[in-house]
Amino acid sequence: MTTVPSSSNSMMPWERSSASSLPSLSAAGSVPRAFSSRHFLKLIEDTGKVGFWSADLRSERLDASLGLYRILGLDPASEVTFCFGLDMIHPDDRAAHGDPIAVLRSGQPISREFRIIRPDRTQRWILHLAEVILGPDGAPSQGMGVVFDVTERHDAMNALMQRHDRLNALVAATASVFWVNNANGEPTEMPQWMALTGQTHAQLQGLGWLDAIHPDDRARTQAAWTTAVEHTAPYNTDYRILCADGIYRWFNARGAPVLNRDGSVREWVGVCLNVPGRNRYGASTPAMTTATPPSPGAVPIAAEETLTAAQVRAARGLACLSKEELAGLANVSVSTLNRLEDAESPVRPRYETILAVRRALEDAGVVFTFEAGAKPGVREA
């Protein structure tokens with residue numbers, strides 16, 4: 001089939017029947033303006049993303065718009081056979097999309113996406129939509145179609161999938177559980193948690209997931225999660241999980257809120273990281289009497305120099321710091337300070353939290369004393 005190129009002086013078949021213009025303005029003194037469909041066609045095609053064609057299916061004549069020539073990367077002054085257009089389809093897509101003219105001649109419309117390889121060897125994705133017009137005898141007579149260049153959409157989708165695949169690979173390599181919760185903190189997608197613990201989806205709803213946490217860790221874990229949700233803050237805590245094989249294992253759970261543009265929480269996402277052979281929390285004792293072991297590389301505090309709740313309260317008063325001011329200096333939350341100053345709090349402090357608060361108070365001019373035979377105290381530097 002021969003393709004007849006369109007020129008700036010030619011009209012597509014659907015343009016020839018459009019000699020009418022937009023209605024004249026009725027306001028007094030207004031000047032009528034006329035726009036043909038040709039003007040609108042040019043406006044659309046100048047985007048470089050769309051082209052049109054029409055074909056007499058019986059005479060095998062194809063008329064293509066300039067926009068279509070641009071998408072295909074062809075010279076509008078040249079004549080090409082339709083077979084050449086078929087040859088432009090990517091080899092991997094050719095079998096699946098076949099001969100569109102044969103489909104149209106059978107009376108079927110077309111809606112397909114596929115790749116083409118242009119004469120300059122560049123690759124583009126196109127979306128091809130076409131309809132059949134029946135002749136007086138009821139047989140397919142003409143075909144009309146539009147072609148969109150959708151390469152940018154496919155590139156964006158591929159980039160998104162690549163980021164998704166990278167995230168999945170990272171999670172698979174580092175985490176035992178990936179979880180997603182609603183904006184209010186309620187569990188939604190936790191298939192890996194269910195596989196790890198043996199809990200059903202119904203069992204983990206609400207705070208049911210806490211049933212898989214060691215009884216000694218539940219109060220602390222619930223307090224940490226509730227605080228994170230209430231303050232839209234990152235979540236980071238350790239606890240023991242009763243796994244499906246009946247063995248408790250230590251995990252570090254981390255999560256963060258995913259925010260909407262207005263700052264509201266869309267959902268929570270997080271991971272549970274296995275901590276093999278590491279017991280970061282001992283038996284349940286008053287919160288300030290035993291610190292969590294330090295992370296690798298941290299400067300340790302001697303066991304006998306662990307801060308007490310009374311020391312934190314006294315040191316903050318001696319330094320004339322409000323809870324908000326101390327929280328800002330130590331880069332912790334006010335709710336964390338409330339727990340640190342409450343000797344009866346069931347939430348045990350992290351070593352890094354105690355160290356950050358201690359250093360902030362020492363920088364403010366406070367010295368902590370740990371003398372043999374005396375209670376821990378504070379004094380000015």
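## Helix H11

In helix H11 (residues 323-330), the buried residues are Leu326, Ala327 and Ala330. Around the axis they span an arc of only 100 degrees, which puts them on the same side of H11. Glu324, Gly328 and Leu329 are exposed on the other side of the helix. This is a predicted model.

Which helices help to cover the buried residues of H11? The cover includes helix H10 (309-318), helix H12 (334-340) and helix H13 (351-363).

## Helix H10

H10 has its own buried set: Ala309, Gln311, Val312, Ala315 and Arg316. Their arc around the axis is only 160 degrees, which puts them on the same side of H10. Gln311 and Arg316 are among the residues of H10 that count as buried.

The cover over the buried residues of H10 includes three helices, H11, H12 and H13. It also includes strand S13 (366-369) and strand S14 (377-380). H10 is in turn part of what covers the buried residues of H11. H12 and H13 appear in the cover of H11, and they appear in the cover of H10.

## Positive phi after each helix

What backbone feature comes just after H10? There, cysteine 320 takes a positive phi of about 55 degrees. Cysteine 320 is a residue other than glycine. It sits in the loop between H10 and H11. Is cysteine 320 buried or exposed? Its relative accessibility is 66%, so cysteine 320 counts as exposed.

Asparagine 331 follows just after H11, with a positive phi of about 60 degrees. This too is a positive value in a residue other than glycine. Asparagine 331 belongs to the loop between H11 and H12. Its relative accessibility is 71%, so asparagine 331 counts as exposed.

## Cavities

Rolling a probe the size of a water molecule over the atoms shows where empty space is left. In this model the count is three cavities of 30 Å³ or more. The second largest cavity has a volume of about 100 Å³.

Which residues line the second largest cavity? They are Trp179, Asn181, Met190, Trp193, Trp209, Trp225, Tyr235, Tyr239 and Cys272. The elements giving two or more residues to this lining are strand S8 (177-182) and strand S10 (235-242). By class, the lining residues of the second largest cavity divide into eight nonpolar, one polar and no charged.

## Cysteines

Cysteine 272, one of the lining residues of the second largest cavity, is buried with a relative accessible area of 0%. Cysteine 243 has 5% relative accessibility, so it counts as buried. Cysteine 320 counts as exposed, at 66% relative accessibility.

A disulfide is a covalent bond between the sulfur atoms of two cysteines. How many disulfides does the model have? The count is zero.

## Glutamate 189 and strand S9

Glutamate 189 lies in strand S9 (residues 187-189). Its relative accessible area is 51%; the cut-off for exposed is over 50%, so glutamate 189 is exposed.

Which residues does glutamate 189 contact, leaving aside its neighbours within four places in sequence? They are Phe178, Trp179 and Val180. Trp179 also lines the second largest cavity. Glutamate 189 and phenylalanine 178 are 11 residues apart in sequence. Their C-alpha atoms are 8.5 Å apart in space.

## Arginine 121

Arginine 121 is in the loop between strand S5 (110-117) and strand S6 (123-134). Its relative accessible area is 65%, so arginine 121 is exposed. Methionine 88 is 33 residues away along the chain. The C-alpha atoms of arginine 121 and methionine 88 are separated by 9.8 Å.

## The chain as a whole

The protein chain has 13 helices and 14 strands. It has 381 residues, and 38% of them count as buried. Consider contacts between residues at least 6 apart in sequence: 52% of them join residues at least 24 apart.

Note on methods:
Residues numbered from 1 in each chain as written. Predicted model: local features only at pLDDT ≥ 70, side-chain atom pairs only at ≥ 80, totals over all residues. Heavy atoms only, no water. Buried < 20%, exposed > 50% of the residue type's maximum accessible area, 1.4 Å probe, protein only. Helix = DSSP H or I, 4+ residues; strand = E, 2+ residues; numbered from the N terminus. Arc of directions from axis to C-beta. Contact = heavy atoms within 4.5 Å. 1 Å grid on protein atoms, 1.4 Å probe; cavity = no way out; pocket = protein on both sides within 12 Å on 5 of 7 lines; lining within 4 Å. Points joined across faces, edges and corners; volume = space filled by probe spheres on them. Nonpolar A, V, L, I, M, F, W, Y, C, P; charged D, E, K, R; others polar. Disulfide = S-S within 2.5 Å.
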